[in-house]
Amino acid sequence: MELPVINASEASASEGGCASHSCGSTDDQMGHLPEHIRQKVYNHPCYSEQAHHYFARMHVAVAPACNIQCNYCNRKYDCANESRPGVVSELMKPDQAVKKVMAVAATIPQMTVLGIAGPGDPLANPERTFQTFRELSEKAPDIKLCVSTNGLSLPDCVEELAKHNIDHVTITINCVDPDVGAKIYPWIFWQNRRIRGREAAEILIAQQQKGLEMLTARGILVKVNSVMIPGVNDEHLIEVSKVVKAKGAFLHNVMPLIAEPEHGTYYGLMGQASPTAEELQKLQDACAGDMNMMRHCRQCRADAVGLLGEDRGQEFTMDKIEDMEIDYAAAMVKRAEVHAEIERELALKQQAHEAKVQLVGIDGLSKTKPATRPVLMAVATKGGGVINEHFGHAREFLVYEASGSGVRFIGHRKTTPYCEGGDTCGDGESALDQTLRALVGCEVVLASKVGYEPWGPLEAAGIQPNGEHAMEVIEDAVAAVYEEMRVAGKLDAKPAQQKVA
Ligand code: CLF
Ligand code: SF4
């Protein structure tokens, strides 16, 4: 049965006037989406910001070849369109991949999505990619299948994708102008020929746009990834966002270029600048007027396993899987129970949130107060949508913006854990310096606990540590702290000058 087409404007319109959390994410988007779309995204950790606190994804690295060259890629490593540059995944055969997926699904019932995202381009390896999908759709029908591609071979694969009930396709689209594309792609391999320069970019763009239109015409949800390359396509991505939205893309994920000389990429060796967190946020905001934006991408590896931001791949190496006895029928029952439990928890959270908005105002903030300046707050969490991570153990912080109009998720900042265990945060001075740098721009950091040692340096850097909201729902805690700041008159003054080495 062909499903009705939903596009970004339909989704945005259906969110109609949401005042709490950010539009294009979290509970509000879920609550207002048409039911058939909600079913596709509510447990997909990349397509729903809320889902990424509860549901996990995994990738299998079955696709080694690629048919284009990007200037931010070194083919020794995983495809940088869906992975952190400089990472190598272990290549698997389709039958090994299927075994691994079933082992992970039986062990981590929250794992709802299997993605193929590399290490090359999945659609440049159609036999391996579709053999994996075919076997999985038969053996593990409760797992959503997802694929990411550069788009060159996409139009030829749309029928096959639809046949396997693949509802989520990511296309990396960095430009819609071949002159911009010629600065990003030195060549493509097309119809048995290597084509270079502007002509190559022109063909790639045409194939991506055609593939996007074919997918949305079939009701398949399309996420567009774009790599932000300062001075090359940064301003142009606003146009890209408009074009892909008009063609029915569901979500736009603008990711930062990561270009280090040691990765050996063209951009890395040429000293091409990467964007700062602030520049990235500014561009995401500029695109957001026209598009649902994804801001929680972790640029995960081609063999990632677990919640976004964590990697449990080492628990599922082939030698460990060989020894596992898997009763998938029993695992499916358990998985359904766990998913139902998460859904119940989310429904209760949503009810509590709506009740609070009715009673107190927007996200717990008073509706009658004058406009106040926005404040960025960093949050330590290990999932579940609550503040449940010790400051010293955090490998990343989620960043939220509180303002007079609510609380919205902005992005994440990676760091090295300051303290690797025990009750106290003692050593690790350089790791703390790194964390302080990662948190630049944030005025508050919320964690389940903040040790005595980092407290002083955080305050000295102009970042107020706060351990008083342990196990509270993140958005509620951020709103409460913002309200405390308002009452204390801290929002009248400019933020304190931050001092970070
Ligand atoms: Fe994987 Fe990509 Fe599917 Fe997600 S990842 S193929 S849509 S299941 Fe997600 Fe990872 Fe970002 Fe990709 S966080 S890199 S967006
Ligand atoms: Fe590398 Fe991916 Fe670009 Fe291919 S599509 S060159 S694997 S980043």
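Tutor: A residue counts as near a molecule if one of its heavy atoms lies within 4 Å of it. Keep in mind that this is a predicted model.

Student: Thanks! Which residues surround ligand 2?

Tutor: Let's walk along the chain with that cut-off of 4 Å in hand. One part of the shell is made of Cys66, Ile68, Gln69, Cys70, Tyr72, Cys73 and Arg75. The rest of the residues around ligand 2 are Cys79, Ala80, Asn81 and Asn150.

Student: How many residues of the shell around ligand 2 are nonpolar, polar and charged?

Tutor: Cys and Tyr count as nonpolar here, along with Ala and Ile, while Arg counts as charged. Sorted that way, the shell around ligand 2 has seven nonpolar, three polar and one charged residues.

Student: And where does ligand 2 sit?

Tutor: A molecule sits in a cavity if more than half of its atoms lie within 2 Å of the cavity's grid points. Ligand 2 meets this for the second largest cavity.

Student: Let's turn to the strands. What is the strand order in the open sheet of seven strands?

Tutor: Start from the edges, where each strand pairs on one side only: these are E9 (251–256) and E10 (305–306). The pairing within this sheet is mixed. Reading across, the order is E9-E8-E5-E4-E3-E1-E10.

Student: Which residue of E8 is the bridge partner of Thr172?

Tutor: Strand E5 covers residues 168–172 and runs parallel to E8 (residues 221–228), with five bridges joining them. The partner of Thr172 in E8 is Asn225.

Student: Which helix packs on this sheet, touching E5 and E8?

Tutor: Look at residues 197–217, whose helix direction makes about 165 degrees with that of E5. The helix touching both strands is H8.

Student: Which residue in the turn between E6 and E7 has a positive phi?

Tutor: E6 (residues 187–190) and E7 (residues 193–196) run antiparallel and are joined by four bridges. Phe189 stands opposite Arg194 in E7. The two strands form a hairpin with two residues between them, and the one with a positive phi, about 50 degrees, is Gln191.

Student: In the sheet of five strands, do E16 and E17 pair in the parallel or antiparallel sense?

Tutor: That open sheet has the order E15-E14-E13-E16-E17, and E17 (464–466) is one of its edge strands. Leu446 stands opposite Asn466 in E17. Across three bridges, E16 and E17 pair in a sense that is parallel.

Student: Last one: which helix lies across E13, E14, E15, E16 and E17?

Tutor: Helix H15 (residues 452–460) touches E16 and E17. The helix lying across the five strands covers residues 474–487 and runs at about 135 degrees to E13: H16.

How values were computed: Residues are numbered from 1 along each chain as its sequence is written. Chains are lettered from A and ligands numbered from 1 in the order in which they are written. This is a predicted model: local features need pLDDT of at least 70, side-chain atom pairs count only at pLDDT 80 or more; totals for chains, interfaces and linings use all residues. Side-chain values use heavy atoms; hydrogens and water are left out. Two strands pair if DSSP finds at least two bridges between them. Contact means heavy atoms within 4.5 Å. Axes are lines fitted to C-alpha atoms, for helices over the stretch in contact, and angles run from 0 to 180 degrees between N-to-C directions. On a 1 Å grid over the protein atoms alone, a cavity is a set of points where a 1.4 Å probe fits but cannot get out, and a pocket is an open set with protein on both sides within 12 Å along at least five of seven lines; lining residues have an atom within 4 Å of a point.
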